[in-house]
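Thank you all for making time this morning. I would like to walk through one model with you, going slowly over how its helices pack and how its chains meet.

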Amino acid sequence: MCLGIPGEVIEIVADQPDLAKVDVSGVKRLINIGLLADDRPAPGEWVLIHVGFALSKIDEDEAAAAMAFLEGIGQAYEDEIAALRESLIE
Amino acid sequence: MRFVDEFRDAEKARALAAKIAGLCEPGRQYKLMEVCGGHTHTIYKHGIEDYLPESISLVHGPGCPVCVIPMGRVDDAMHLAADPDVIMTSFGDMMRVPGSTGSFFDAKARGTDIRMVYSPLDSLKIARQNPDKKIVFMAIGFETTAPSTAMTVLRAQAQGLTNFSVFCNHVTIIPAIKAILDSPDLRLDGFLGPGHVSTVIGCRPYEFIARNYCKPVVVAGFEPLDILQSIYLLMLQLAQGRAEVENQYGRVVPWDGNLVALRAIGQTMELRPYFEWRGLGFISHSALKMRSSFERFDAERLFSVPGVRVADPKACQCGEVLKGVLKPWECKVFGTACTPETPIGTCMVSPEGACAAYYNYGRMNRQRVPVTIERSRP
């Protein structure tokens with residue numbers, strides 16, 4: 001739950017500008033980007049996601065480092081990705 | 001490629017360790033607290049303590065949101081969930097936290113409708129799909145997750161949802177740090193500030209620690225080198241007699257935090273006069289509740305909540321572990337009666353809990369990595 005997961009923004013949802021489709025390790029889901037209203041992410045940019053909300057913009061190097069860290073912690077990360085897969089955000 | 005990277009990291013780690021060792025004053029003992037459970041995890045996973053001189057000990061702080069939820073609040077949530085009209089939603093981390101009649105998982109097995117969600121937003125869809133039910137989200141977490149609850153409530157309001165509410169258990173990190181600083185049990189020399197919480201609150205809220213308590217704070221990232229670099233920055237401040245707030249995790253944490261997130265929290269929630277923390281007891285102004293203008297989203301106003309205080313099991317010493325007074329393995333039931341499979345205390349439940357981290361990585365016996373001490377004038 002406290003894990004910040006890096007995701008790449010693929011597209012902003014046309015009629016709901018607070019929502020974006022992101023790619024997290026191949027899992028594509030909608031997340032909320034409302035907390036980045038002051039510095040909106042564009043497709044191709046990376047964000048750190050907490051419980052379905054992008055909390056900060058990061059660069060690609062930071063995303064790779066964060067992903068390496070997460071893969072290293074094992075079960076907790078797998079649980080988080082499994083939960084993300086089940087997510088119903090719309 | 002990965003091997004090369006790891007090799008380079010090990011070289012860098014040893015170089016940092018040598019600089020840290022060079023800053024230690026002979027005969028002085030240092031106690032540095034890592035506030036955040038994510039840091040605790042990195043420290044055990046990578047054996048960070050093995051790189052440090054004997055005179056530096058890392059003390060684990062209260063920054064695991066699952067760990068600090070008192071048993072009474074779990075019981076209150078169970079009481080809410082037992083209402084046949086209610087569907088309770090909760091993060092996975094919360095599902096195994098023991099209340100006095102078992103965990104959410106146990107209740108679910110007995111037929112209570114408790115559903116695991118990834119995001120509070122998932123609850124809104126469940127609410128729309130079940131218009132004849134009342135959906136209650138078990139909101140837990142520090143300032144990292146409070147904005148997501150706040151934004152979800154604002155979205156529910158905008159969508160005109162009337163069957164969604166929040167059982168708010170959000171806590172704030174600063175009063176807990178202050179309680180630890182004021183506690184006579186422990187003398188600390190400095191703090192590794194939490195990374196993700198600081199993304200929201202920024203670095204300014206820690207300034208009182210430097211100003212009023214004369215202790216350095218370094219907001220730290222989560223990789224092993226981040227932690228070592230932050231320990232180095234803390235030790236450098238101590239060697240130079242400085243007490244300041246520094247941001248080692250500037251690549252993610254803005255100094256002023258996330259203003260949109262802070263506004264969303266402020267718009268929907270307000271501080272409670274006091275809140276009970278597992279192990280730490282009652283702490284003034286340390287938790288959030290829904291504002292009265294959002295009362296129709298406040299499960300505590302919509303339902304009757306018993307609010308009974310339940311003492312922790314006698315054998316459990318989570319309180320001492322959360323305050324950093326005891327190392328996890330010094331607890332009487334650690335690894336015997338209390339394991340991640342059958343946790344008695346919360347610190348064993350969450351992967352970020354200090355006990356679970358110790359248990360999973362078996363770090364009871366430290367074996368130091370040999371480093372050459374690099375003496376430098378501070």
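Let me begin with a question: when H6(B) passes H11(B), is the crossing left-handed or right-handed? Please keep that in mind while I say what kind of model we have, because this is a predicted model, and every value I quote is computed from it. For the prediction as a whole, the scores are ipTM 0.92 and pTM 0.91, and within chain B the pLDDT averages 91, with 95% of the residues scoring at least 70.

Now to the answer. H6(B) passes H11(B) in a left-handed crossing, and the two helices, H6(B) and H11(B), the latter covering residues 259-268 of chain B, pack at an angle of about 60° with their axes 8 Å apart. Helices that cross at such an angle are neither parallel nor perpendicular in the terms used here, and H6(B) and H11(B) are therefore described as oblique to each other. On the H6(B) side, the residues that take part are Ala146(B), Pro147(B), Ala150(B), Met151(B), Val153(B) and Leu154(B), and they meet Ala261(B), Ala264(B), Ile265(B), Gln267(B) and Thr268(B) in H11(B). If we sort the residues of this contact by class, we find nine nonpolar, two polar and no charged.

H6(B), which runs over residues 146-158, also has a second helix beside it, namely H5(B), residues 120-129, and the axes of these two come within 8 Å and cross at roughly 25°. The angle is under 35 degrees, which makes H5(B) roughly parallel to H6(B), and the crossing in this case is right-handed. From H5(B) the contact takes Pro120(B), Leu121(B) and Leu124(B), while H6(B) brings Ser148(B), Thr149(B), Thr152(B), Arg155(B) and Ala156(B). Here the classes come out as four nonpolar, three polar and one charged.

A further pair in chain B is H2(B), residues 37-45, with H14(B), residues 354-361, whose axes come within 9 Å and cross at roughly 20°. That angle makes H2(B) roughly parallel to H14(B), and H2(B) passes H14(B) in a right-handed crossing. In H2(B), Thr40(B), His41(B), Tyr44(B) and Lys45(B) meet Ala354(B), Ala357(B), Tyr358(B) and Tyr361(B) of H14(B), and this contact has five nonpolar, two polar and one charged residues.

Stepping back to chain B as a whole, it has 14 helices and 13 strands. Its radius of gyration is 21 Å, close to the 21 Å that the globule rule gives for 378 residues, so chain B is as compact as a globular protein of that length. Along the principal axes, its C-alpha trace spans about 70 × 50 × 45 Å.

What, then, is the pattern of chain A, read along the sequence? Chain A has two helices and five strands, and they follow the pattern β-β-β-β-β-α-α. For 90 residues, a compact globule would have a radius of gyration near 12 Å, and the 12 Å of chain A agrees with this. The box filled by its C-alpha atoms, again taken along the principal axes, is roughly 35 × 30 × 20 Å.

Finally, let us turn to where the chains meet: how many residues of chain A are in contact with chain B? There are 31 of them, and they are in contact with 33 residues of chain B. On the side of chain A that touches chain B, the elements giving two or more residues are strand E4 (46-50), strand E5 (53-58), helix H1 (60-73) and helix H2 (75-85) of chain A. By class, that side of chain A has 17 nonpolar, nine polar and five charged residues.

Methods: Residues numbered from 1 in each chain as written. Chains lettered and ligands numbered in written order. Predicted model: local features only at pLDDT ≥ 70, side-chain atom pairs only at ≥ 80, totals over all residues. Axes fitted to C-alpha atoms, helices over the stretch in contact; angles between N-to-C directions. Helix = DSSP H or I, 4+ residues; strand = E, 2+ residues; numbered from the N terminus. Parallel < 35°, antiparallel > 145°, perpendicular 65-115°, else oblique. Left-handed = near helix turned anticlockwise from the far one by under 90°. Contact = placed C-beta atoms within 7 Å. Nonpolar A, V, L, I, M, F, W, Y, C, P; charged D, E, K, R; others polar. pLDDT = per-residue confidence, 0-100. Rg over C-alpha atoms; globule rule 2.2 N^0.38 Å.
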